[in-house]
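This report describes how two protein chains and two DNA strands are arranged in one model. The DNA contacts are treated before the relation of the chains and the packing of helices.

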2 protein chains.
Amino acid sequence: MTLETEVVTTIFKDLSFNPEEIQLLVRSFEKLHLPKNSLLLEAGQYVHDQYYVAEGCLRTYYIAPDGKEHTVQFAISDWWISDYTAFFNSSKALMHIECIQEATLYKISKNDMESLYQAIPQLESYFRKKMERSFASFQKRIIANLSQSATKRYLSFIQTYPNIEQNVKNYHIASYLGITTQSLSRIRKELVQE
Amino acid sequence: MTLETEVVTTIFKDLSFNPEEIQLLVRSFEKLHLPKNSLLLEAGQYVHDQYYVAEGCLRTYYIAPDGKEHTVQFAISDWWISDYTAFFNSSKALMHIECIQEATLYKISKNDMESLYQAIPQLESYFRKKMERSFASFQKRIIANLSQSATKRYLSFIQTYPNIEQNVKNYHIASYLGITTQSLSRIRKELVQE
DNA sequence: CAAAAAAGTTGACCTATGGTAATAAACTAC
DNA sequence: GTAGTTTATTACCATAGGTCAACTTTTTTG
């Protein structure tokens with residue numbers, strides 16, 4: 001499969017483009033493979049790019065001043081990932097992005113994104129809607145964090161990411177839920193006993 | 001001041017429009033006044049509109065099954081407010097929106113928004129960027145909730161909204177921070193003693 | 001301005017989750 | 001397959017924040 005076909009048939013499978021648009025699109029993306037356990041981004045680096053995950057699994061996490069890790073986002077097939085706060089502002093990353101499962105990504109720079117928005121207006125709509133969905137899901141997560149117990153949050157997590165549990169470590173999930181690995185262990189134990 | 005001037009000079013003060021665009025804009029917005037303590041939106045209602053806050057203060061909150069309130073967002077002058085999850089999906093609200101301080105709002109429907117995006121492409125950019133900033137700030141809040149103590153979250157809250165404290169009740173702040181009013185009382189007491 | 005209602009504070013006690021540390025289990029690499 | 005390393009579990013105690021209830025202060029209303 002050529003890069004051309006891939007970009008159009010995987011990333012933007014819901015849109016249709018004319019030949020010139022396809023050329024533009026293809027020139028903007030770069031394909032990359034990432035081995036397990038590698039870092040795609042480190043805090044402190046300038047963030048110029050965002051990444052479409054074709055395959056594999058990554059996570060974005062923040063390391064607090066006390067040294068503790070907090071997982072902000074997992075990204076699996078068909079998700080986008082970056083340190084978006086830094087990406088939007090073209091500023092330095094506060095977060096790290098780690099490859100949890102060997103991954104295939106398509107990378108695009110902020111500059112190229114902005115050019116594409118100008119050249120292909122439907123892309124701006126497409127990404128605005130994507131942002132809207134992300135916004136809604138973050139809001140949902142804030143509510144969940146405010147209103148639910150760790151056990152309930154764990155149960156919704158495994159519902160939301162049914163296949164992720166085989167891939168990720170316990171402490172990834174714990175740091176996403178905002179609890180310690182010990183607490184997660186206890187929660188699982190109690191759930192099994194019931 | 002005419003509605004025309006208001007919409008262009010307050011809501012979209014950073015943009016410029018031609019006369020036809022201004023007509024379109026003005027026809028899409030409706031101005032409204034809201035008394036203190038009134039409800040702008042209740043959970044269960046369909047959400048067709050979003051609102052620009054020209055003046056006053058509102059809050060979006062969620063009532064959990066156990067009856068507890070969780071404040072998701074405050075909106076002061078120059079912010080937008082809605083139940084965005086429902087607004088984006090044209091579905092039923094999960095949240096309530098309450099007017100905390102007598103407010104002047106400009107209301108626009110989702111349909112009119114979509115038409116404006118078609119007619120005035122710079123608006124799509126404008127709102128995409130707005131979404132990006134909201135996204136970033138929600139992400140920041142998730143990190144704060146995961147990594148900081150209630151006391152620290154309270155301190156950042158009063159930094160982020162320096163003038164809001166006179167307007168809002170203690171229990172609004174507590175429900176935003178994810179703690180009880182009693183805990184907030186204790187936190188304040190400790191902070192004063194230091 | 002007085003009475004009533006709402007909001008805020010404080011205290012005593014409770015509970016969920018955190019911290020530390022030892023142990024067990026699961027991977028990884030030779 | 002064994003040694004070494006990483007990850008997960010368990011136990012024990014500590015603590016932040018929750019709960020319930022009484023009390024005080026502030027705000028609202030007639």
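A phosphate oxygen of DNA strand D is 2.5 Å from an N or O atom in the side chain of B:Ser183. The model is a predicted one, and the distances below are computed from it.

**DNA strand D**

DNA strand D is surrounded by 16 residues, and B:Ser183 is among the closest, together with A:Asn170, A:Ser185, B:Ala150 and B:Arg186. Two further polar contacts to this strand come from chain B. B:Thr180 uses a backbone N or O atom, 3.2 Å from a phosphate oxygen of DNA strand D. B:Gln182 instead places a polar side-chain atom 3.2 Å from a base nitrogen of DNA strand D. Among the atoms of DNA strand D within 4 Å of the protein, 68% are sugar or phosphate atoms, and the rest are base atoms.

Both chains contribute helices to this surface. At least two residues each come from helix H8 (170–177) and H9 of chain A and from H9 of chain B. H9(A) has the largest share, with four residues. Sorted by class, the surface near DNA strand D consists of three nonpolar, eight polar and five charged residues.

**DNA strand C**

DNA strand C also has 16 residues around it, of which A:Lys68, A:Gln182, A:Ser183, B:Asn170 and B:Ser185 come nearest. Three polar side-chain contacts reach its phosphate oxygens, as tabulated here.

| Residue | Partner on DNA strand C | Distance |
|---|---|---|
| A:Lys68, polar side-chain atom | phosphate oxygen | 2.7 Å |
| A:Ser183, polar side-chain atom | phosphate oxygen | 2.5 Å |
| B:Ser185, polar side-chain atom | phosphate oxygen | 2.5 Å |

The elements giving two or more residues to the surface near DNA strand C are helix H9 (181–193) of chain A, and helix H8 (170–177) and helix H9 (181–193) of chain B. H9(B) gives the most, with four residues. Of the atoms of DNA strand C within 4 Å of the protein, sugar or phosphate accounts for 64% and bases for the rest. The surface near DNA strand C has three nonpolar, eight polar and five charged residues by class.

**Relation of the two chains**

How are chain A and chain B superposed? A rotation of 180° with 0.0 Å of shift along its axis places chain A on chain B, with an RMSD of 0.0 Å. The two copies are thus related as by a two-fold rotation axis. The same surface serves both copies, since 97% of the contact residues of chain A recur in chain B.

**Helix packing in chain B**

H9(B), which also contributes to the surface near DNA strand C, packs against helix H6 (residues 150–160) of chain B at an angle of about 80°, with the axes 10 Å apart. H6(B) is therefore roughly perpendicular to H9(B). On the H6(B) side the contact involves B:Ala150, B:Thr151, B:Tyr154 and B:Leu155, and on the H9(B) side B:Leu184, B:Ile187, B:Arg188 and B:Leu191. These residues divide into six nonpolar, one polar and one charged.

A second pair is helix H4 (residues 110–119) and helix H5 (residues 121–147) of chain B, whose axes come within 5 Å and cross at roughly 120°. H4(B) and H5(B) are therefore oblique to each other. H4(B) takes part through B:Met113, B:Leu116, B:Tyr117, B:Gln118 and B:Ala119, while H5(B) supplies B:Pro121, B:Leu123, B:Glu124 and B:Phe127. The contact of H4(B) with H5(B) has seven nonpolar, one polar and one charged residues.

Notes
Residues are numbered from 1 along each chain as its sequence is written. Chains are lettered from A and ligands numbered from 1 in the order in which they are written. This is a predicted model: local features need pLDDT of at least 70, side-chain atom pairs count only at pLDDT 80 or more; totals for chains, interfaces and linings use all residues. Side-chain values use heavy atoms; hydrogens and water are left out. A residue is near a molecule or strand if one of its heavy atoms lies within 4 Å of it. A polar contact is a pair of N or O atoms within 3.5 Å; within protein, one must be able to donate a hydrogen and the other to accept it, and residues adjacent in sequence count only if both atoms are side-chain atoms. Ala, Val, Leu, Ile, Met, Phe, Trp, Tyr, Cys and Pro count as nonpolar, Asp, Glu, Lys and Arg as charged, and the others, Gly among them, as polar. Copies are superposed by least squares on the C-alpha atoms of residues with pLDDT of at least 70 in both. Contact means heavy atoms within 4.5 Å. Axes are lines fitted to C-alpha atoms, for helices over the stretch in contact, and angles run from 0 to 180 degrees between N-to-C directions. Angles under 35 degrees count as roughly parallel, over 145 as roughly antiparallel, 65 to 115 as roughly perpendicular and the rest as oblique.
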